[in-house]
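Visitor: I'm new to reading protein models. Could you walk me through this one?

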Amino acid sequence: MTALTTLISVTQLQALQQSGAPLMVFDCSFDLSDPAQADQMYANAHIAGAVQAHVDRDLSAHDPARALNGGRHPLPRREDFAAWLTRIGFHNGMQAVVYDRNGCNFCARLWWMLKWAGHDAVAVLDGGWPAWLAAGGAVASGPMPAPSQELHASARPFVLQAPLRRLLHIGDVQAHLGQPAQTLIDARGPARYRGETEPLDPVAGHIPSALNRPFTDNFTPSGHFKPQPQLQAEWDALLAGRERDSLVVYCGSGISALPNAVALELAGYPPPALYAGSWSEWCRTPGMPIATGQES
């Protein structure tokens with residue numbers, strides 16, 4: 001089986017399920033304003049056979065001593081992430097498929113984290129939960145069961161490989177501010193980027209020199225990624241000839257930056273780096289410069 005590494009359609013996923021190939025589907029649905037809703041959404045309905053990947057509980061660090069960055073959703077250490085994958089029965093020989101019901105806002109986090117763990121066979125379900133429902137895909141309900149002791153004892157461990165995506169820390173970003181070797185792309189909405197409003201963090205604005213590409217701009221009204229030629233034209237216009245290898249994506253807390261990362265790859269660009277701490281770390285760090293308004 002050829003690994004799927006960016007997008008998968010509903011039809012492709014249904015065929016993959018029927019083939020019996022090693023596969024795990026992850027429901028990453030979430031609500032930033034009410035994290036408890038993630039469990040309720042999954043319990044109410046999910047793709048049959050899907051496991052839940054909770055952004056706070058499973059895809060973020062809980063102990064500051066084991067977090068790789070600051071901000072509202074710090075990344076866990078790679079070994080802690082691998083231990084979670086092993087506990088739920090995911091191993092290196094499996095194809096991963098990730099989806100949510102939030103316009104790809106949250107599932108791209110797991111897509112990127114698996115790449116960062118060295119696992120290339122992970123794809124985003126194009127159109128997400130609405131596309132699955134529209135196609136009459138099989139649905140199940142009920143809460144995510146706790147991994148059994150038997151599964152844990154017999155599980156093939158997920159073994160970390162060399163990272164396939166690049167993580168940047170606050171010092172890396174600061175050291176290259178304003179240099180051609182670093183092109184920052186802010187995925188938040190225009191009003192937050194310009195510093196006109198800030199509902200989540202203590203300071204409004206953006207990292208100096210950053211360009212703005214709201215992650216929602218990558219999608220059609222149906223919630224699918226735009227066609228490749230359209231994505232390429234839009235990204236080419238935004239980046240205006242900047243170095244293709246210089247791209248760094250960020251957002252508020254390292255979550256919604258990642259649909260931009262998927263879109264850039266679909267558009268034919270090299271994988272961008274991720275500044276995972278993002279604005280929530282930057283604006284809380286004394287001495288970091290802050291910009292407002294629109295960058296040219």
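Visitor: Which backbone oxygen does the side chain of Arg78 reach?

Guide: Keep in mind that this is a predicted model. Arg78 sits in helix H3, which covers residues 78–87. Setting aside neighbours within four places in sequence, its contacts include Leu160, Ala162 and Pro163. At 2.8 Å, the side chain of Arg78 reaches the backbone oxygen of Gln161.

Visitor: And which side chain of opposite charge is nearest to Arg78?

Guide: A salt bridge needs the charged atoms to be within 4 Å. Arg78 is buried and has no salt bridge. The nearest side chain of opposite charge is 6.0 Å away, and it belongs to Glu79.

Visitor: Okay, on to the sheet. Which strands stand at the edges?

Guide: The open sheet has 5 strands, paired in parallel, and the order is S8-S12-S11-S9-S10. An edge strand has a single partner strand, so one side of it is left without a neighbour in the sheet. That describes strand S8 (167–168) and strand S10 (211–212).

Visitor: Which residue in S10 stands opposite Ile185?

Guide: Start with strand S9, residues 183–186. S9 and S10 pair in the parallel sense over 2 bridges. Opposite Ile185, in S10, stands Leu211.

Visitor: Last one: how far apart do the C-alpha centres of domain 1 and domain 2 lie?

Guide: The chain is divided into domain 1, residues 7–154, and domain 2, residues 167–283. Their contact takes 22 residues from domain 1 and 26 residues from domain 2. As for the C-alpha centres of the two domains, they lie apart by 23 Å.

Key: Residues are numbered from 1 along each chain as its sequence is written. This is a predicted model: local features need pLDDT of at least 70, side-chain atom pairs count only at pLDDT 80 or more; totals for chains, interfaces and linings use all residues. Side-chain values use heavy atoms; hydrogens and water are left out. Helices (H or I, at least four residues) and strands (E, at least two) are DSSP runs, numbered from the N terminus. Buried means under 20% relative accessible area, exposed over 50%, partly exposed in between (1.4 Å probe, protein chains only). Lys and Arg count as positive and Asp and Glu as negative; His and the chain ends are not counted. A polar contact is a pair of N or O atoms within 3.5 Å; within protein, one must be able to donate a hydrogen and the other to accept it, and residues adjacent in sequence count only if both atoms are side-chain atoms. Contact means heavy atoms within 4.5 Å. Two strands pair if DSSP finds at least two bridges between them. Domain bounds come from an automatic or database domain assignment.
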